[in-house]
Amino acid sequence: MAKLLAVTIVIIAALSAVPIVRHTWEPPTDVSKNGPAIDHQIDETMTEAGICFLAGQVVLAFMIWTAAGRGREHKIGWLPGGALGMVILAFLIVGTEVIVLGAVSSKVWAQAYFARLGAGAIPVEVQAEQFAFYFRYPGPDGIFGPIHPDLINDATENFYGLDPRDQASADDIVTAEMAIPVNREIQLIMHSRDLGHSFYVPALRIQQDFVPGLDLSVHFTADKIGRYEIVCTQLCGLGHYNMKAYLDVMSEPDYDAWLKKEAALQ
Amino acid sequence: MGIIVEDAVKTAHRPEFGRSGGNGSRHIIPRDARSLGLRESHPSGSSAIWVGIAAIIMMFAALTSALVVRQGASMDWHHFDLPNILYFNTAVLLASSITLEMFARRFRQRWSSPVLGDSGSPWLYATLVLGAMFVAGQYLAWHQLNSEGLYMASNPSHSFFYVLTGGHVLHLLGGLIALVYVTAKLKRFTLRQSTLSMATKYWHFMDLLWLYLLGLLWLKM
Amino acid sequence: MHDTHAHATEHHGPPRTFIRKYIFSTDHKVIGKQYLGLGLFAVFVGMGLSWLMRLHLGWGNLAIPGMAWLSPNGAPGGVLTPEYYLQLMTMHGTIMVFFVLTVAPFAAFGNFFLPIQVGAEDMPFPHINMMSFWVAFVAFCILFSSFFFSDGPALSGWTAYAPLSTVGAIAGPGQGLGQVLWLSSIAVFCVSQLLGGLNFIPTTLDLRAKGMTFSRMPLTVWAWFITSTMALTAFAVLMPACILAILDHVAGTSFFVPSNLVVSGQLIPHSGGSTLLWQHLFWFFGHPEVYIAIVPSMGIVSQILITFMRRPLLSYKVVIGCMVSIGFLSYMVYGHHMFVSGMNPVSSIIFSFPTLIITIPATILVLIWLGSLYKSRLRITTPSLFALGFISMFITGGVTGFFLAQPPIDIMLHATYFVVGHFHFVMALAAIFGILGGTYFWFPKMFGRMMDERLGKLHFWLTFVGAYCIFMPFHYLGLAGNVRRYQAFVDDYTVHLLPIHRFSTVAALFTGAVQLIFLYNLIHSRFWGEKATDNPWESTTLEWSTSSPPPYDNFGGRHPIVYHDPYQLGIQSVSGADYIMQDSPEEVRPEPTETH
């Protein structure tokens, strides 16, 4: 039975590795500037973790195979190196991996979060609520009008609670879909109307939670035209599974046209 | 191996010592007649009191960090004067620690000295009274704040005031119950040194905790 | 070395009435069995909930037989509503983490075996110990009762993030009373575990038998000791957090609710609170909690492996050092649950390093187990199979941690099925295999009868393969971006993943059904199993030196004196056996071993 267990473990390990090696199920193709670094980090980690996984399971299987069935006539053996050897091995192998992965991933993280916002970044605000995303563009004045929670009225589509008398709000453009020009940095200002939500665009390699009570911002650049899904990833109630919106990455002229069209609909 | 058995001591003029019950099959270690409680000849798990104290410290540490974060989270923190009775209550609680310590010392002395006489129990009663006074005093403090319009939900600083003082009083009440238990054991002459020691440590800790909380409240409110 | 005489403290005579014997018992062994019963009941409830979840995920419009009767509101016509799915999911997670993974390896086995393994007659405060169980039981009842009130249990997940969990019923079904019941239940559970800690730690520190120095304590005792110190600090933080959340619900406070929230068209009257504060408090508890769930199993697996390899581990001290460092580091890593939560991105970097570093002691442990197998005399029995299975699952669960520990990778994998796969491997598989192994190993001692070996081995094989089939696919789903806590998959980019979900569902139902073999084995063996000897596995620690089951005072009036380290195996005993018990006065003569 021990040998059967050993074989089973190896088979399970091998079968588990197959979809990874064959890239059977992949995330949506990356279309962002920061994406390649993240994807590369995942690949690196997959290689190292994969080797650890396979090695661990194979060694376990080997040990089971050889140790079982040894009776009193067989002497108890001690692994060369003993416990100290295992400690050193762990520190060397895992320690190195940890430091390298940690260092590189900090760099990748810094790229996403500590890079300074470019001067020409386009500000777009996203508001999350049960169970939809709405987007707001500041309009020609470049200023987002103040939000008045008491004026919020979904029936009249005043999702943000904007006061028509506020000058800054007059030219704000509120939309149900997000459109951005390709190859332009976007500053996404994230505001939650009610609870915790999250903004996840797998294609852009971006995920960030909204924090109710705090408007935070992230920035990114999309480098490929297309239509991508935005989904909510923080449990926000019964409609959480269906809380989504679309992100359209367009050429600059298309984007300008779209913005004009949306402005007219306000 | 086996139970340690003390020599029976002539007890002609002493009242009958109580038993702890248990159908006569209990592993009671018989007492030294000249003491007022049970002789300890084995460990009693008294590290438990440190376990309990550690847990309570963690709880108030969590509340402290919640307070700090909450204060920083928004601009709505209302500073107010602490009711004066709190300071009086502090003195009462400190006094109760002193009286408890007086009792504990007298109790310990009984182990080694052959002098019979006063068990020191008035000090214990004083502790109970002072403890109850503290609880009453805290209630008065809350009452005073209420009458000034400071309720649990009126402001985060008020919320924390009630939560911290309320949490402390609840734990203190537990300590009071422990002291009542100690009193009952004392009266039946079955009080062990370890029990008293644990109760005393707990009570002193409640004192220290209160001093800490008072400082925190004074600083933050 | 600290050497203490251990005699029972205020020792009670054996109870006579049924109530005192089996219901309100102060005997740590009965309390341990009660906890085990609670854990067993809870795991089947939790599993049942998971079947409902998986069925719904695989076939969203499926009318599940019986559900319309069980919950006409939650499953009209037998089809789960979106909110009911989330409510079942919340209860599944809560029940499993608290009432199975904290109760079984720690409260159940620890209560039964800790005093015996250190040579004590009972724990120092038996009444408090009894209270610990009944308070836990009450906590379970409070939680379970939320199924029966108005709009059902909370739906905010076992993590109950604010403000969803603190603004009340307006946020969704179950968020009013259901959430308050959840918070209350957990607060009460915290109290129960703190009461347990008041017994566990003093038993280990103060009540060890003569000769039982710290370095002669079995690894399970060390594991329970480390776990109880973690439980002490972690639960003591969760309790006030729950109380503050309850106050937000019922007293109008704003600890966790910020200003200007408009939920379902209504302006919420709270203001100024911090939602991240809840996350910090919760995860400060939550991360040590998952180590509380696994460290006892590490001890149990070590104990089982040593017994069935017929030799000690490569190093007793290193294993303890690893468990201690894991316990210590577990407090520094909690922010890895919050990498993208909106906390300062610098904090994310800071938390990622201890998270990566904790891999080192975990790896050392695995290497020591693997290295100890080398040239051992491995016996294949049901307990040893589960212990070996544990290692396999712990490796798998552990390596996926590499991904989640790095913040930029977490950007892609946070809140996806990858995380669900990771924690199910370490908790639902590894920790549970530790519990199952412990059950098969200690059943003879607890109940005086042997479990059926053939059924046990069948249980192992089907569960091992079945469990891998359920949870390995979750990693692929996660890498593809499949988000968790969804009751259905309506996004374009995940529609093609549905067949994987269905595969996992079928595996889950199959593996779930297999657990009935275990249940049958437990019940049948309890009453009709072959009678067990004192030491059927030829093990060395003190519980095997007394009868099966142990007498009321554990050692029948005898006060064991400990002469040896806990794992004198692979040696030559005078009686011809290859082991010497801890309390045997015989001197150890090591067998000649291989030179290298």
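**Exercise 1. Find what share of the residues of chain A is buried in this predicted model.**

Solution. Start with the cut-off: a residue is buried if 20 or more other C-beta atoms lie within 10 Å of its own. By that test, 44% of the 266 residues in chain A are buried.

**Exercise 2. Work out why chain A is described as more spread out than a compact globule.**

Solution. First, take stock of the elements: chain A has five helices and 10 strands. Next, compare two values: the radius of gyration of chain A is 26 Å, while the globule rule gives 18 Å for 266 residues. The first value is well over the second, so chain A is more spread out than a compact globule. Finally, look at the C-alpha trace, which spans about 95 × 40 × 30 Å along its principal axes.

**Exercise 3. Describe the two domains of chain A and their contact.**

Solution. Begin with the bounds: domain 1 covers 2–69 + 80–113, and domain 2 covers 122–265. Their centres, taken over C-alpha atoms, are 38 Å apart. Now turn to the contact, to which domain 1 of chain A gives 10 residues and domain 2 of chain A gives 12. On the domain 1 side, four residues are nonpolar, four polar and two charged.

**Exercise 4. Identify which element of chain A gives the largest share of the side that touches chain C.**

Solution. Count the partners first: 92 residues of chain A are in contact with 95 residues of chain C. Then list elements giving two or more residues to the chain A side, among them helix 1 (2–21), helix 2 (35–67) and helix 3 (82–113). The largest share, 18 residues, comes from helix 3 of chain A. To finish, sort that side of chain A by residue type: 53 nonpolar, 26 polar and 13 charged.

Conventions
Residues are numbered from 1 along each chain as its sequence is written. Chains are lettered from A and ligands numbered from 1 in the order in which they are written. This is a predicted model: local features need pLDDT of at least 70, side-chain atom pairs count only at pLDDT 80 or more; totals for chains, interfaces and linings use all residues. Helices (H or I, at least four residues) and strands (E, at least two) are DSSP runs, numbered from the N terminus. The radius of gyration is taken over C-alpha atoms; the globule rule is 2.2 Å times the number of residues to the power 0.38. A residue is buried if 20 or more other C-beta atoms lie within 10 Å of its own, exposed if 12 or fewer, and partly exposed in between; C-beta atoms are placed from the backbone. Two residues are in contact if their C-beta atoms, placed from the backbone, lie within 7 Å. Ala, Val, Leu, Ile, Met, Phe, Trp, Tyr, Cys and Pro count as nonpolar, Asp, Glu, Lys and Arg as charged, and the others, Gly among them, as polar. Domain bounds come from an automatic or database domain assignment.
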